[in-house]
Amino acid sequence: MPTIEISCVEVWREISNYLDEDISVDLRERMEKHFGACAHCTAVLDGTRNVVGLVGDGTLFQMPEGFNKRLYDKIRELPPNVPRE
Ligand SMILES: [Zn+2]
């Protein structure tokens with residue numbers, strides 16, 4: 001079965017689930033492939049990791065420029081003690 005490429009927007013939408021390992025193996029593989037080819041999404045992934053860590057610490061944070069608002073809202077919904085990797 002061919003790998004269906006996903007767009008940057010889809011990656012951003014799922015990125016917090018990706019970090020929570022709350023996505024299908026299939027989607028995870030597609031996202032990892034995307035991160036391998038897309039420096040922008042890799043940067044967003046790194047930024048999200050940092051943001052999730054800060055939220056977990058209850059620290060106020062500044063969203064990076066251009067950060068996806070829906071992702072921002074989703075991160076804000078996360079429980080205070082999100083397990084780290
Ligand atoms: Zn991308």
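**Helical organisation and core of the predicted chain**

In the predicted model, the chain holds 4 helices and 0 strands, and the order of its elements from the N terminus onward is α-α-α-α. The mean pLDDT of the chain is 77, with 58% of its residues reaching 70 or more. Confidence varies among the elements: helix α2, which spans residues 25-37, has the highest mean pLDDT, at 94, whereas helix α4, covering residues 69-77, has the lowest, at 67. Where pLDDT is low, the predicted coordinates should not be read in detail.

Of the 85 residues that form the chain, 16% count as buried. The largest nonpolar core comprises 7 residues in all, namely V11, I15, L19, M31, C41, V44 and L45. At least two residues of this core are supplied by α1 (8-19), and at least two by α3 (39-56). As for the contacts in the chain with a separation of 6 or more, 62% of them are accounted for by residues that lie 24 or more positions apart.

One residue of helix α2, R30, was examined individually. R30 has 19 C-beta neighbours inside 10 Å and therefore counts as partly exposed, since a residue is classed as buried if 20 or more other C-beta atoms lie within 10 Å of its own. In sequence, R30 is separated from I6 by 24 residues, while in space the C-alpha atoms of R30 and I6 are 7.0 Å apart.

How values were computed. Residues are numbered from 1 along each chain as its sequence is written. This is a predicted model: local features need pLDDT of at least 70, side-chain atom pairs count only at pLDDT 80 or more; totals for chains, interfaces and linings use all residues. pLDDT is the predictor's confidence in each residue, from 0 to 100. A nonpolar core is a set of buried Ala, Val, Leu, Ile, Met, Phe, Trp, Tyr and Cys residues joined through C-beta atoms within 7 Å. A residue is buried if 20 or more other C-beta atoms lie within 10 Å of its own, exposed if 12 or fewer, and partly exposed in between; C-beta atoms are placed from the backbone. Two residues are in contact if their C-beta atoms, placed from the backbone, lie within 7 Å.
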